[in-house]
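Here is a friendly walk through a handful of buried sites and two helix pairs. Have the viewer open as you read.

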Amino acid sequence: MFVKQFRTGGDRNFGYLAADEPSGDALIVDASYDPCSIAEYAVRQGYRIRYVFSTHGHADHTNGNEQMERLTGLKPLLYGDICPVTGVRVEDGAVLPLGSLEVQIMHTPGHTRDSICLYVGDALFTGDTLFTGKVGGTCTDEEAKEEYESLHGRILQLPVATTVYSGHDYGERPHSTLAEEKVSNPFLLQSDFEAFLFLKNNWAAYKKANGIK
């Protein structure tokens, strides 16, 4: 599988093109501020865009959707939408074909109620659920609990060799693996939800004390 990461603008946003190389079938994730660059790259490389996804409904991940639809003829899909090509609803456990690969939908609420991750081959597109060395922001204890369960109950159950491609360039590396995150991400190292929540509530002080940007 081929993955191309794009710096699309905004708040260090990332967008992605992922392709099944034997078939040339591809998908786009979180095109946000620069859909043209991603769509044009796909054309130059001879890839056929089969799906466009947004990992959640925040404007910094969806503001390029109308333009992307004009460029590709495909309506960008969010959680709960029905894919017009396959008839599959974008919900937890859904699977969409991509050449010899499959796109598996994981509902991972926390940062938002509609957050999803896309698991394709050995790649996981995490949006704002998991960053390298960090996790997505939450506003309430309930949201933090949902995020904790999404991380530990879903994402961390995947193979440790899985490559993590997040929605923003917020970490020390533009991408990571679950193996790396399990031993280095402060939030994933917390022993239980109470410790996870404490770190969230005291993140500014933790960053300062540990020299994290």
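A residue is called buried when its relative accessible area is under 20%, exposed when it is over 50%, and partly exposed in between, using a 1.4 Å probe and protein chains only. Ser32, with a relative accessible area of 1%, is therefore buried.

Before going further, please note that this is a predicted model, where local features need pLDDT of at least 70, side-chain atom pairs count only at pLDDT 80 or more, and totals for chains, interfaces and linings use all residues. Residues are numbered from 1 along each chain as its sequence is written, and side-chain values use heavy atoms, with hydrogens and water left out.

**A loop with positive phi values**

Ser32 sits in the loop between β3 and α1. Helices here are DSSP runs of H or I with at least four residues, strands are runs of E with at least two, and both are numbered from the N terminus. The phi of Ser32 is near 40 degrees, a positive value in a residue other than glycine. Most residues other than glycine have a negative phi. Asp30 also lies in the loop between β3 (25-29) and α1, and its phi is near 50 degrees, again positive in a residue other than glycine. Is Asp30 buried or exposed? At 2% relative accessibility, Asp30 counts as buried.

**Four buried residues**

The table collects the place and accessibility of four further residues.

| Residue | Place | Relative accessible area |
|---|---|---|
| Val52 | strand β4 (residues 48-53) | 2% |
| Thr162 | loop between α4 and β11 | 1% |
| His168 | loop between β11 (163-166) and β12 (176-177) | 2% |
| Glu181 | helix α5 (residues 178-184) | 0% |

For the surroundings of these residues, contact means heavy atoms within 4.5 Å. A polar contact is a pair of N or O atoms within 3.5 Å; within protein, one must be able to donate a hydrogen and the other to accept it, and residues adjacent in sequence count only if both atoms are side-chain atoms.

Which residues does Val52 touch, not counting residues up to four places away in sequence? They are Ile28, Met68, Thr72, Leu74, Lys75, Pro76 and Leu77. Of these, Lys75 is 23 residues from Val52 in sequence and 6.9 Å away in space, C-alpha to C-alpha.

The side chain of Thr162 reaches the backbone oxygen of Pro159 at 2.7 Å. Beyond four places in sequence, Thr162 touches residues including Tyr119, Asp122, Ala123 and Leu124, and Ser176, Thr177 and Leu178 are also among its contacts.

His168 makes a side-chain polar contact with the side chain of Asp60, at 3.3 Å. Leaving out residues up to four places away in sequence, His168 touches Asp11, Arg12, Asn13, Phe14, Asp60, His61, Asp128 and Phe131.

Glu181 has a side-chain polar contact of 2.7 Å with Ser176. Its contacts beyond four places in sequence are Leu130, Phe131, Thr132, Gly133, Arg173, Ser176 and Leu188. Gly167, 14 residues from Glu181 in sequence, is 16 Å from it in space, C-alpha to C-alpha.

**Two helix pairs**

Two packed helices are described by the angle between their axes and the distance between the axes. Axes are lines fitted to C-alpha atoms, for helices over the stretch in contact, and angles run from 0 to 180 degrees between N-to-C directions. Angles under 35 degrees count as roughly parallel, over 145 as roughly antiparallel, 65 to 115 as roughly perpendicular and the rest as oblique.

Helix α1 (residues 35-45) packs against helix α3 (residues 65-72) at about 25 degrees, with the axes 9 Å apart. The pair is therefore roughly parallel. Pro35, Cys36 and Ala39 of α1 meet Gln67, Met68 and Leu71 of α3. These contact residues comprise five nonpolar, one polar and no charged, where Ala, Val, Leu, Ile, Met, Phe, Trp, Tyr, Cys and Pro count as nonpolar, Asp, Glu, Lys and Arg as charged, and the others, Gly among them, as polar.

Helix α4 (residues 141-153) and helix α6 (residues 193-201) pack at about 120 degrees, with axes 10 Å apart. That angle makes α4 oblique to α6. On α4 the contact uses Asp141, Ala144, Lys145, Glu147, Tyr148 and Leu151, and on α6 it uses Phe193, Phe196, Leu197 and Lys200. By class, the contact of α4 with α6 has six nonpolar, no polar and four charged residues.
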